[in-house]
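Student: I would like a close look at a single part of this model, the second largest pocket, with attention to what forms its lining and what lies around it. Could you take me through that part in one connected account?

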Amino acid sequence: MKTNQSQKQYQHSNNHRPRQQRDVKVEIGQRFPLTIKRMGINGEGIGYFKRKLVFVKGALPNEVIVAEVTDVKPRFLTAKMHRLKIPSPDRVKPRDSYAEEVGGFELEHLAYPAQLAFKRDVVLQSLEKYQPKGYRSYNLKPTIGMDNPYEYRNKAQFQVRRDESGHVIAGLYQERSHHLVDLATCSVQMPATMHVMRGIVALMEELDVSTYDEKHGTGLVRTVVVRVAAGTGEVQVVFVTTEAPFPQKNTLIKRLQAAFPEIVSIMQNINNEKTSLIWGEETRLLAGKPKIREVLNGLQFNLSARAFLQLNPYQTVRLYDEALKALDLSANETVIDAYSGVGTIGLSIAHAAKEVRGMDIIKDAVDDANENAKLNGISNVHYETGTAESVIPKWLAEGFKPDALIVDPPRTGLDDGLINAILDAKPKKFVYISCNPSTLAKDLVKLTQQYHVDYIQSVDMMPQTARCEAVVKFTRA
Ligand code: SAH
């Protein structure tokens with residue numbers, strides 16, 4: 001078994017952990033009682049067997065279980081729950097029958113208030129590991145959650161295959177396997193995405209559309225992506241195929257449009273690589289318009305098929321509100337919106353700023369961002385294609401000194417070159433939106449050379465998963 005993030009986190013962490021005894025004799029298949037002390041950053045239960053760390057998927061803090069060892073590593077064990085002896089009062093029945101086997105449902109067996117507490121604790125665990133300056137006194141605010149932590153995902157991106165009996169299935173992989181689980185229902189998806197997805201599956205079956213066969217690298221449709229704009233109800237469907245010719249496409253399009261008037265955009269993306277990456281380079285319009293329109297905070301956003309948009313539109317508004325509050329702009333200030341996607345953050349603050357500049361590496365998203373500025377009659381923003389680590393130093397060299405900087409990087413966090421540029425430029429106002437507490441904590445080690453952490457506000461963008469988003473407000477040291 002591969003070492004996962006949580007296991008690495010604990011191997012390196014040397015706080016709040018009993019002294020480890022590494023020469024414990026233990027064998028795969030061995031069973032012993034275990035009390036779960038905490039949850040790791042991936043949502044697994046953590047206990048200690050003779051002072052050796054044990055990770056148990058699905059076990060919750062304070063539970064007493066009989067663990068069965070599945071792997072023995074020098075510094076930790078992994079085990080499965082053989083028997084649950086004393087369940088946690090926070091244990092609930094998952095809504096999705098497959099929650100324990102498919103990735104992305106790690107917390108469905110945990111009551112929601114405890115999920116929110118966990119997400120704050122994940123930030124704390126990451127800080128304890130990297131120990132950025134002053135971390136013990138950071139103000140970690142309680143996680144902002146949802147009233148109804150289900151039916152929030154605006155996009156279903158499902159693999160499409162045939163099962164042993166030749167039926168079309170669409171869903172997600174079983175964890176650490178290539179077994180696709182057909183998701184007929186899904187409690188976290190917006191109903192509109194599942195309604196269309198299941199309609200597509202039924203039609204593909206009826207029209208006998210060829211589906212991808214991973215083992216032999218044959219067949220046509222690999223992935224179906226259904227994205228709904230919550231603000232308008234518009235739906236976009238993308239068929240990711242291995243090649244351009246798509247024999248039944250005309251019938252498929254007609255039938256889809258007749259059955260689902262909400263589908264305003266049907267696209268085809270071609271990916272003929274043997275890869276786990278979803279998207280190929282070429283995207284074609286099959287029917288309707290190439291973009292759907294979302295509305296966030298009263299602004300209109302046109303979205304290309306490949307442009308990133310936060311997956312939870314209800315919490316996006318709250319996340320951005322938190323970011324804006326943390327940024328605390330006054331009129332006449334200049335702002336950089338780094339990792340801007342389709343410009344959702346920058347455009348939301350443009351009214352309060354003198355000038356906003358942003359960048360993203362996906363050209364389609366940048367084009368969308370500039371078009372979205374026009375669409376909303378906003379003229380003081382400008383988006384560019386490129387990496388944050390190249391574009392920001394370029395702007396600084398050209399003499400653009402931003403008063404405020406907001407960064408919203410992917411899970412890998414900030415590039416070292418970019419951190420150095422930030423430390424040099426020292427913008428007065430600085431906010432970091434992170435979707436990965438580990439890389440956040442690591443970046444904080446450097447950033448705290450120049451900045452104090454005022455507070456960290458976690459926001460639950462992905463209920464039922466172990467994913468955690470946080471807004472960090474800095475003040476200049
Ligand atoms: N702020 C946006 C997007 C955040 S997601 C929103 O709230 O919707 C992170 C974005 O960073 C993605 O759009 C991705 O394309 C972009 N990205 C990834 N690596 C980058 C880099 N090195 N420089 C700039 N943008 C990058």
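Tutor: The largest share of the lining of the second largest pocket comes from β9, which gives 3 residues. The model is a predicted one, and in it β9 (180-182) is joined by β7 (155-162) and β8 (168-173), each of these strands supplying at least two residues of the lining. In total 14 residues line the second largest pocket, and those that lie nearest its centre are Arg161, Arg162, Ile169, His179 and Leu180. By character, the lining divides into 7 charged, 5 nonpolar and 2 polar residues, and the volume of the pocket is about 230 Å³.

Two of these strands also have a part in the surroundings of a helix, since β7 and β8 are included in what covers the buried residues of α3, together with β10 (221-228), β11 (235-241), α4 (249-259) and β12 (263-270). Helix α3 itself runs over residues 191-206, and its 16 residues reach 23 Å from the first C-alpha to the last, close to the 22 Å expected at 1.5 Å a residue. The buried residues of α3 are Thr193, Met194, Val196, Met197, Gly199, Ile200, Val201, Leu203 and Met204. As a general point on such patterns, an α-helix has 3.6 residues a turn, so residues three or four places apart point the same way. After α3 comes Asp208, which has a positive phi, near 55°.

Key:
Residues numbered from 1 in each chain as written. Predicted model: local features only at pLDDT ≥ 70, side-chain atom pairs only at ≥ 80, totals over all residues. Heavy atoms only, no water. 1 Å grid on protein atoms, 1.4 Å probe; cavity = no way out; pocket = protein on both sides within 12 Å on 5 of 7 lines; lining within 4 Å. Points joined across faces, edges and corners; volume = space filled by probe spheres on them. Helix = DSSP H or I, 4+ residues; strand = E, 2+ residues; numbered from the N terminus. Nonpolar A, V, L, I, M, F, W, Y, C, P; charged D, E, K, R; others polar. Expected span 1.5 Å × (residues − 1). Buried < 20%, exposed > 50% of the residue type's maximum accessible area, 1.4 Å probe, protein only. Contact = heavy atoms within 4.5 Å.
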